[in-house]
Amino acid sequence: MKVLRSLLLVTLLGLLFVQLVHCEDAVDDEDEEDDDGTVEEEDDDATEEPPREKPHYKKPEVKGSYFFAEPFDNKAESMKRWVHSQAKKDGVEEDLAKYDGKWAFEEPKENPLTGDLGLILTSRAKHHAISANLNKPFQFKDKPLVAQYEVRFQNGMDCGGAYVKLLSQQQKLDLKSFHDKTPYTIMFGPDKCGLDHKLHFIFRHKNPKTGEFEEKHAKKPSGNLDSYFTDKKTHLFTLIVNPDNSFEFLIDNAVVNQGSLLEDVNPPVNPPKEIEDPNDKKPADWDEREKIPDPDASKPDDWDESEPEMIRDPDGVKPDGWLDDEPLLVPDPAADKPEDWDDDMDGEWEAPLVDNTKCKEAPGCGDWQPENIKNPNYKGKWSAPMIDNPNYKGIWKPQVIPNPNYFEDVQPFKMTPINAVGLELWSMSDGIVFDNFLITDDRVVAEEYAEQTWVLKNIEERASSSAGGFWTTLKSAADDRPWLWAVYVVVLLMPIVLLSICLCPKSGPVKPEDVDAQRKKTDEPSPDDEEEEKEDKAESSGDKKSVGPGGDNKGKTSKSDLNAAADEEDDGDDEDADEEEESDEVKENKSSSPQKSPRRRKTRRE
């Protein structure tokens, strides 16, 4: 019973813990809904909640300054703004060089907002390229760059990217020629192939001395990115680059990576002040040997290098019964020549060799040789002992000189202006939805825009996930908190372990004879002993009620006493003898203790 109670307790605690986590997510969703003012208060008198209806899409409004905003609210206008690339990739086979990937402006499947369109990548294993001009170029001056967009992997992601390129401003930028070599200022967004999950933030920095551009990659985020590629929900990617050279990368309004353009990118923006002289060469007399053989040492005269390391044991004795003339292997006497064997074609047939049975019974067969032992006279090849090198100068390194290409850019934020947004992708997965692009210089504007777009989608997607059943809820919670998988395993395995201990103890099932033996060992009363003790107490109390004053047996005789007397008269000769003995005992009791009435002995049981 203790094991069963423990089993029930562990299971209930585990389920309670999981439910608390789920309730926490539900409370967060309700808080978001209350903050947005999109959900009305429920009627206290309502007994059942009506089926949830998806809200209709409403075009978001940008409340402030912006350089580009694309909610895809009008299919015709979006098709005019976004230009499909007709270029080809360099250095690729003709069949793969074309940007022939398909794009569509349509509603995604299981759309959280009715009527909401998006830009969807609809083909697999192809190169895709599409771009659109900004309303006006973004200049990196004294305000931050805030760029954000939504991505949803409707079918998950096996291998491919969903990152955005912010194309550099050029005098002649032809969007129809947009390809992988088109200059960009910033590239950011998710990328995955196999088990490698990436979150890119790359910017191209111009060398003030040479005028050449070099890609600078931000450090990798430390968090787990798996769920963004597998949960099939809409996620908001936001990049903020500030004039003080700091940057922040957010997913779903939560910071996942941050740092400095001067310190947290690779390679660094500024080169080192000093470098090793590329023209410096090691002198010919430079000795890097720390130890050398002693030039004054000589080989001793008695040093014999011809002695082998191992020799035959001169004291070895051949065991008795060793069969010198018997080979280890003999032809198989049971083997027969195949019927289709042709001596002219196949040669003379020989039976296969098998172990000699005589050798199994003897210590050994064949030519006996003593075992090998170490040669006491072996010294090996002589070499002079090592001593410190008097000419040692250490490990040579070229001298350090000032870096002729050194520069110091204290404001890498001031990048090349941005004039267009582009998607240049290769993907093995289709159904990738892009939506609600925004480029602004005000973080508050981006947050308010997200409240009108992504926040609403997130609420609906979470509500749909919660309504998908108990197991869907558990999986969704574990995707957000991977450590919950360990809790699930414990909750599921612990009842099985406890049941195994309860039903299959090490000593086997409990046997009746083991119980009787335990009672005898500990003097524990058995159920029969307890019943007899109860009967004795009942009869004793009945006898006391029949005793008269002064201890004489003058009280009223009960019906049970009359029936017991009748039963005693009907007993055989053995019972009569027992009653005679009993009467003697009664007389003795009277003489010794006149205050007590004689007690009738209980009838023996068979």
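These are my notebook entries on the overall make-up, the nonpolar cores and one surface patch of this structure.

Entry 1, the whole chain. I am working from a predicted model, and I began with the secondary structure of the protein, which comes to 14 helices and 25 strands. I then looked up burial and found that, of the 606 residues, 33% count as buried. For the accessible surface of the protein I noted about 39700 Å², with 50% of that belonging to carbon and sulfur atoms. Turning to contacts with a separation of 6 or more, I recorded that 75% of them are accounted for by residues 24 or more positions apart.

Entry 2, the cores. I looked up the largest nonpolar core, which has 62 residues, and listed those with the most contacts inside it as Trp82, Leu166, Ile186, Phe201, Val241, Phe434 and Phe437. A second core, separate and of nine residues, includes Val146, Ile240, Val445 and Tyr449. I followed Phe437 further and, leaving aside its neighbours within four places in sequence, found it in contact with several aromatic residues, among them Phe68, Phe72, Trp82, Tyr149 and Tyr449. The other partners of Phe437 that I wrote down are Ala69, Glu70, Gln148, Val164, Val421 and Leu423.

Entry 3, the surface patch. I noted a nonpolar surface patch of about 300 Å², made by Val92, Leu96, Trp426 and Met428. I placed Val92 in the loop between strand 2 (83-84) and helix 3 (94-97). Why can Val92 count towards such a patch? Val92 is partly exposed, with a relative accessible area of 31%, and it qualifies because patches take residues with over 30% relative accessible area.

Conventions: Residues numbered from 1 in each chain as written. Predicted model: local features only at pLDDT ≥ 70, side-chain atom pairs only at ≥ 80, totals over all residues. Heavy atoms only, no water. Patch = residues over 30% accessible without salt bridge, like charges linked within 9 Å, V, L, I, M, F, W, Y side chains within 5 Å. Areas by Shrake-Rupley, 256 points an atom, 1.4 Å probe, with all protein chains shown as cover. Salt bridge = Lys/Arg side-chain N within 4 Å of Asp/Glu carboxyl O. Helix = DSSP H or I, 4+ residues; strand = E, 2+ residues; numbered from the N terminus. Buried < 20%, exposed > 50% of the residue type's maximum accessible area, 1.4 Å probe, protein only. Contact = heavy atoms within 4.5 Å. Core = buried A, V, L, I, M, F, W, Y, C linked by side-chain atoms within 4.5 Å.
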